[in-house]
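Biologist: Hi! Could you open the model so we can go through it together?
Modeller: Sure, here it comes.
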Amino acid sequence: MAAGELNGVSLAGSPSRRRRETAIRWALQVAAAVSIVVSILIVYSLFESALRFLLSLEEISALWASEGWQPRSLHFDLRTIFVASIIISGVSVLVSTPLGVGAAVYLSEYANPRARRIVKPILEVLAGVPSVVLGFFALTFITPNVVKVIFPSANGFNMLSAGIAVGVLTSPLMASITEDSLRAVPHSLREASFGLGARKLATTIKVVVPAAISGIVAAFILTISRAIGETMVVTIAAGGSGSSPFQASPLEPSLTMTSAIANLALGSDAPVVGDPFASLYFVGLLLFLVTLGLNILGDRLVRKYRRAY
Amino acid sequence: MAAVDVPLGTALQRRGQSNLGERVFEIATLASLVIALGFLILLIVQILQGALPLLGDRGIGFVTDKLSPRVARTGLNQAIIGSLQIALITVVVAFPLGIATAIFLEEYASDTWFTRIVDVNIRNLAGVPSIVFGLLGFAIFVRLLEPVTGGSTALAGGLTLALLALPIVVITSAEAIRAVPLSLREGGFGLGGTRWQITRKLVLPNALPGILTGTILALARAIGETAPLLVIGAATFLTIDASLLGGLTDRFTALPVIVFHWSKQPSREFVDAAAPAAILVLMLFTLTLNAVAIWLRNRYEKRKA
């Protein structure tokens, strides 16, 4: 075809072809909007019921001045579930930080490609174990064979055991984000350090880890967020029923924000007056806000190291 | 300069002195890896020990029989069907929605406020604790949409877990689509293809292995989730028959819910034998899906390299 023949020919394509393109674009945009609707529904349903719960309280001091989390007697002591959540996620990061960061350093700095190809998928399998299974493991293995051996006085349900299991469950997450950030450190930094006479240990600790620190901190924060949101391990291993007195010892059972919701939903110890589910949404709202805050912070740090290199 | 006079071999000596520290550090990092994996092995051994005697006794009956309050007669029939129903709904709802969102974000969207909100929103949704999705599901699917779902039914549970899986599908699919080289698209446009033709005929076929990996992982996650189902009100015991498609608006239960329920039984028999056996069946599902996903990705990465 001679170039001249193009004169006057529209390059826009046939109208039906254009209509189809527009329709597809719209359909895709609607699909993308669904996720926004989901978020709006989450926030709306949490706030609506949480507000209803707060208004139904005769005395707002029931949220802190009572002697524990006892929904049936309308004692909603937030300290109880906050402290339990902090203890369990605290124990869990004591486990997941050395395991996750150690594994990440090995995979990124020491392991040869063959070893990495074998080990990484196994770590991913560990990350894919359902949390209800880890809960069972905590109750029937960690509690009798680890916790009770070291602390014979520990209760059969205790926060320490749940915390250890949550730590194991979340260590692949820690390892994966940490390894990403370690591998993002440019090789030129390591080579410069080797060139100055430093060896692996000094290079890793004084050059690579500091260069990757924002990613490691992000891993830490996102792991804590995951630990706070973990439900099944805690519900199975750390406490049996829907109410608990205030408990600050990791060797005793207690209720976290998540297990308080799960137990209330199961109907144990639900308040007899009013809407038992309203209080559950109030706790859900607190949980949502805490984890959202941590996730935004962690995400920001992850993007910081991605931008840096 | 004095440093020039250092005899050869000095550096080697220093190296000999602190080799211990180097070795200890390497072994310590290796140890943390081994400990993490050791937990996985311990867990599998523990579960096999409890499960195998019971499975040997009961054989296939443990999978095909219906739930019973007696260990000697109980089976996982309704729980397996419930988990399959959840998987089915997740596939039907979350996969198309998630992949469409990913295509929109990667291929169609320009940098508008809408795109930015969708993007930030997806990343935040992925971090929302699963039990919060349960609260959402209860408010929307169980209460608000009761005329459609029929209350605490398999449909309500499946839709809830589909929403939970959605952000995972979007994030992993978007990554796979992003990895398709730009030159491929440019070639397509050069031939006069429309955006959709290029997406469908060039981008998606190339991103398919990555998309499959992500969606399979999301499916494994949905099958293993327990907490949202407890909030939704999944049954811990059922006497009715379950049927895959006919029973979508009936009361339901699922494998992880049964694992949870049996783990909390006062009877040792349930905790020591029935619960591990149910875990074994559950993990057969989730681990198989995980293994397939990882295998797919490794195969794909090798081909790219």
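Biologist: Let me start small: is B:Leu52 buried, partly exposed or exposed, and why?
Modeller: B:Leu52 counts as partly exposed because it has 14 C-beta neighbours inside 10 Å. Buried takes 20 or more other C-beta atoms within 10 Å of a residue's own, exposed takes 12 or fewer, and partly exposed is in between, with C-beta atoms placed from the backbone. This is a predicted model, where local features need pLDDT of at least 70, side-chain atom pairs count only at pLDDT 80 or more, and totals for chains, interfaces and linings use all residues. Residues are numbered from 1 along each chain as its sequence is written, while chains are lettered from A and ligands numbered from 1 in the order in which they are written.
Biologist: Thanks! Where is B:Leu52 placed?
Modeller: B:Leu52 is in helix H1 of chain B. Helices (H or I, at least four residues) and strands (E, at least two) are DSSP runs, numbered from the N terminus.
Biologist: And how far apart are B:Leu52 and B:Gln85 in space?
Modeller: Their C-alpha atoms are 27 Å apart, with a sequence separation of 33 residues.
Biologist: Switching to the whole of chain B, how many helices and strands does it have?
Modeller: Chain B has twelve helices and zero strands. Its radius of gyration is 26 Å, well over the 19 Å from the globule rule for 305 residues, so chain B is more spread out than a compact globule. That radius is taken over C-alpha atoms, and the rule is 2.2 Å times the number of residues to the power 0.38. Along the principal axes, the C-alpha atoms of chain B fill a box of roughly 90 × 60 × 35 Å.
Biologist: What about chain A, how many helices and strands there?
Modeller: Chain A comes to eleven helices and three strands. Its radius of gyration is 26 Å, where a compact globule of 309 residues would have one near 19 Å. Buried residues make up 48% of chain A, and 47% of the residues of chain B count as buried.
Biologist: How many residues does each chain put into the contact?
Modeller: Chain B gives 68 residues and chain A gives 66 (two residues are in contact if their C-beta atoms, placed from the backbone, lie within 7 Å). On the chain B side, the largest share is 17 residues from helix H1, residues 10-58. That side divides into 48 nonpolar, 15 polar and five charged residues. Nonpolar means Ala, Val, Leu, Ile, Met, Phe, Trp, Tyr, Cys and Pro, charged means Asp, Glu, Lys and Arg, and the others, Gly among them, are polar.
Biologist: Any bent helices? Where is the kink in H3(B)?
Modeller: H3(B) has a kink of about 30 degrees at B:Ala94, shortly before the proline B:Pro96. The bend at a residue is the angle between axes fitted to the seven residues ending there and the seven starting there. H3(B) is also mostly covered, with 23 of its 32 residues buried.
Biologist: And H4(A), where does that one bend?
Modeller: At A:Ile142, by about 60 degrees, and the proline A:Pro144 follows within four residues.
Biologist: Last one: which residues does B:Ala165 touch, leaving aside neighbours within four places in sequence?
Modeller: B:Ala165 is in contact with B:Thr90, B:Ala94, B:Ala218, B:Leu219, B:Arg221 and B:Ala222. The kink in H3(B) lies at B:Ala94, one of those partners.
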